Amino acid sequence: MKETILSIARKALAIETEAVQALETYLDPLFAKAVEAIYQTKGKLIVTGIGKSAIIAQKMVATCNSTGTPAIYLHAADAIHGDSGMISSDDIVLIISKSGESAEIKNLVQLIQHFGNPIISMVGNMNSYLAKMGQFIINTTVHQEACINNLAPTSSTTAQMVMGDLIAVCLMELNNFKAIDFAKFHPGGNLGKRLFLKVADLTNKDLKPTVASHTPLKNVILEITKNRLGVAVVINNNEIAGVITDGDLRRMLEKTVNIENITAAEIMSHTPHLIDHQTLAAEAIDQMKQHEISHLIVTKDGHYYGILHIHELIKEG
């Protein structure tokens, strides 16, 4: 049974792979003209289809919207029952269909022609009604479905989806769409966090463990313990003079027996790691990794602003 299942899957994969590879021959001047028409349109890209092609249309719209090309999904059946009102005069309509001959598609083509909007036909039958009626044509012909009966849309929908991705990628390049632009539409994702989340967003300004250079060791320990950040910043004349960490205290206790007269100045590090509050959080964690530390002293206009602990970065993911 297992070998039979794997044999069927491999055969289906080979058929779909062949269908995708065949798309290279369809990347021709007709494809380029269609993409150019979308790029130059003053309105939106309306993507529509029926059946499985409608699902591919939804995916293409989602990809375009997240990569800088305004797009709207329109189900072909709904379009001829009122939803075509979403089509504006400056929009361009891309119709996806394998056969290009279904009744809904023919009715939709006639409706759009009445509106006067240009039509891009993404079609798997170059002799079909849809292929003949479109001002622009994108060929997605496949020779065989992965379905054992050569009926269920499998290879054909794969070809449509890949061609939709190619269109979106071309438009991204033409629009000079960068990672920072992508993040604008995905502020809640990991990329959005990397490109937008700043150190100030994660810094608790109410927790600012502070001591002076003459502060006795006991008070230094109390200050570090009170704020539970494992660190205290040494401030002299409103300027950052150094930093004392839990590690500094442990190393000092290993070397010193008499700690009664020790002050902050004697154990502090004179070269603390600083970071401006407007720096990206992603850069902050890179600095922590580079220096193998768990915190950074945050500054604003050169002055002590707070402490950024690695725990805050971890909590943000």
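This is a short tour of a predicted model, with a few selections to make in your viewer.

**First stop: a small set of strands**

Select strands 6, 7 and 8, which form an open sheet of 3 strands in the order 6-7-8, with mixed pairing. Strand 6 (210-211) and strand 8 (239-245) are the edges; each has a single partner strand, so one side of each lacks a neighbour in the sheet.

Now colour strand 7, residues 231-236. How many bridges join strand 7 to strand 8? There are 6, and the two strands run antiparallel. Turn to the other pairing: strand 6 and strand 7 are joined by 2 bridges and run parallel.

Show Val233 as sticks. Opposite Val233, in strand 8, you will find Val243, while Val233 is also the bridge partner of Thr210. Strand 7 is mostly covered, with 5 of its 6 residues buried. As you look along the strands, keep in mind that side chains in a regular strand alternate between the two faces of the sheet.

**Second stop: two packed helices**

Next, select helix 3 (residues 52-66) together with helix 7 (residues 155-174). A packed pair of helices is described by the angle between the axes and the distance between them. Here the angle is about 20 degrees and the axes lie 10 Å apart. Angles under 35 degrees count as roughly parallel, so helix 3 is roughly parallel to helix 7. Their crossing is right-handed.

To see the contact itself, display these side chains:

- From helix 3: Lys52, Ser53, Ile56, Lys59, Met60, Thr63 and Cys64.
- From helix 7: Thr157, Gln160, Met161, Gly164, Asp165, Ile167 and Ala168.

Colour the contact by class and you get 6 nonpolar, 5 polar and 3 charged residues.

**Third stop: Met133**

Go to helix 6 (residues 129-133) and pick Met133. Is Met133 buried, exposed or partly exposed? Its relative accessible area is 29%; because the partly exposed class lies between the 20% and 50% cut-offs, Met133 is partly exposed. Leaving aside residues up to four places away in sequence, Met133 touches Val109 and Gln113. For a sense of scale, draw a distance from Met133 to Met1: the two are 132 residues apart in sequence and 48 Å apart in space, C-alpha to C-alpha.

**Last stop: helix 14**

Finish with helix 14, residues 281-291. Which residues of helix 14 are buried? They are Ala281, Ala282, Ala284, Gln287 and Met288. Then step just past the helix to Glu292, which takes a positive phi of about 55 degrees.

Conventions:
Residues numbered from 1 in each chain as written. Predicted model: local features only at pLDDT ≥ 70, side-chain atom pairs only at ≥ 80, totals over all residues. Heavy atoms only, no water. Pairing = 2+ DSSP bridges. Helix = DSSP H or I, 4+ residues; strand = E, 2+ residues; numbered from the N terminus. Axes fitted to C-alpha atoms, helices over the stretch in contact; angles between N-to-C directions. Parallel < 35°, antiparallel > 145°, perpendicular 65-115°, else oblique. Left-handed = near helix turned anticlockwise from the far one by under 90°. Contact = heavy atoms within 4.5 Å. Nonpolar A, V, L, I, M, F, W, Y, C, P; charged D, E, K, R; others polar. Buried < 20%, exposed > 50% of the residue type's maximum accessible area, 1.4 Å probe, protein only.
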